[in-house]
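Please open the model in a viewer and keep the sequence panel visible. The tour below proceeds by selection, with a note on what is found at each stop.

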Amino acid sequence: MNPKETPLLDNMKMLGALAGLMKNKEKLREAGDRVREKMARTLVTGEAGAGAAKAVVSGQLRVVSVELAPGLIVGMAADASTRALASNLIAEAVNNGLALAQAALKAAMDEEAKALGLEGMLPDAGALLGG
């Protein structure tokens, strides 16, 4: 069989797995609950400027805290260019933290999908979240 023809077989396998899940919606609901619970306990830290700015982001994609290095804070009081740099570092740290949280969400979803026989069949978490 030509390797390029396997998407049809993969789609048929996916449809069979989805049909099986529709018969057992409880398994699907439980998997969703496990992902939500895992993400509720997940915290990741995004960094920028070699750690000058750090942002802690939850698995629910919420910024929990932002920490700035003391030297950066002192510099912010001194001049506008350091304030602009701090602003950019904060944005970069938050974006890095969000990307890490999205990766954790994807990993949790992939783990549950594999357990349900849907490995590699779920869309990318970033696409689901508009990323």
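Begin by selecting Glu112: leaving aside neighbours within four places in sequence, this residue is in contact (heavy atoms within 4.5 Å) with Ala31, Arg34 and Val35. Glu112 belongs to helix H4, where helices (H or I, at least four residues) and strands (E, at least two) are DSSP runs numbered from the N terminus. Its relative accessibility is 12%, so Glu112 counts as buried; the classes are buried under 20% relative accessible area, exposed over 50% and partly exposed in between, with a 1.4 Å probe and protein chains only. A distance drawn from the C-alpha of Glu112 to that of Val35 reads 7.6 Å, for two residues 77 positions apart in sequence.

Two remarks on conventions apply throughout. This is a predicted model, in which local features need pLDDT of at least 70 and side-chain atom pairs count only at pLDDT 80 or more, whereas totals for chains, interfaces and linings use all residues. Residues are numbered from 1 along each chain as its sequence is written, and side-chain values use heavy atoms, with hydrogens and water left out.

**The whole chain**

Now zoom out and colour by secondary structure. The chain has five helices and three strands, arranged along the sequence in the pattern α-α-β-β-β-α-α-α. Of its 131 residues, 27% count as buried. Among contacts with a separation of 6 or more, 50% join residues 24 or more positions apart.

**Helix H2**

Select residues 25-41, which form helix H2. At 1.5 Å a residue, the 17 residues of H2 should span 24 Å, and the end C-alpha atoms are 25 Å apart, which agrees; the expected span is 1.5 Å times one less than the number of residues. Which residues of H2 are buried? They are Ala31, Val35 and Met39. Looking down the axis of H2, one finds these buried residues within an arc of 65 degrees, so they line one face of the helix; the arc is that of the directions from the helix axis to the C-beta atoms. An α-helix has 3.6 residues a turn, so residues three or four places apart point the same way. The buried residues of H2 pack against H4. Rotate to the face turned away from the buried side, and the exposed residues Lys25, Arg36 and Arg41 come into view.

**Helix H4 and its meeting with H3**

Next select residues 80-115, helix H4. Its 36 residues should span 52 Å at 1.5 Å a residue, and the end C-alpha atoms lie 53 Å apart, which agrees. Buried residues of H4 include Thr82, Ala86, Leu89, Gly97, Ala101 and Glu112. Just after H4, Gly117 takes a positive phi of about 80 degrees.

Add helix H3, residues 70-78, to the selection. The axes of H3 and H4 come within 7 Å and cross at roughly 135 degrees; axes are lines fitted to C-alpha atoms, for helices over the stretch in contact, and angles run from 0 to 180 degrees between N-to-C directions. The two helices are therefore oblique to each other, given that angles under 35 degrees count as roughly parallel, over 145 as roughly antiparallel, 65 to 115 as roughly perpendicular and the rest as oblique. On the H3 side the contact is made by Leu72, Gly75, Met76 and Ala77, and on the H4 side by Thr82, Arg83, Ala86 and Leu89. These residues divide into five nonpolar, two polar and one charged; Ala, Val, Leu, Ile, Met, Phe, Trp, Tyr, Cys and Pro count as nonpolar, Asp, Glu, Lys and Arg as charged, and the others, Gly among them, as polar.

**Strands and loops**

Move to Val44 in strand E1, residues 43-48. Val44 has 15% relative accessibility and so counts as buried. Apart from residues up to four places away in sequence, Val44 touches Ala55, Val56, Val57, Gly97, Leu100 and Ala101. The C-alpha atoms of Val44 and Val64 are separated by 9.7 Å, with their positions 20 residues apart along the chain.

Finish with two loop residues. Ala50 is found between E1 and strand E2 (53-58), has a phi near 55 degrees, positive in a residue other than glycine, and at 87% relative accessibility counts as exposed. Leu61 sits in the loop between E2 and strand E3 (63-68). Leu61 also is not a glycine, yet has a positive phi of about 65 degrees; at 28% relative accessibility, Leu61 counts as partly exposed.
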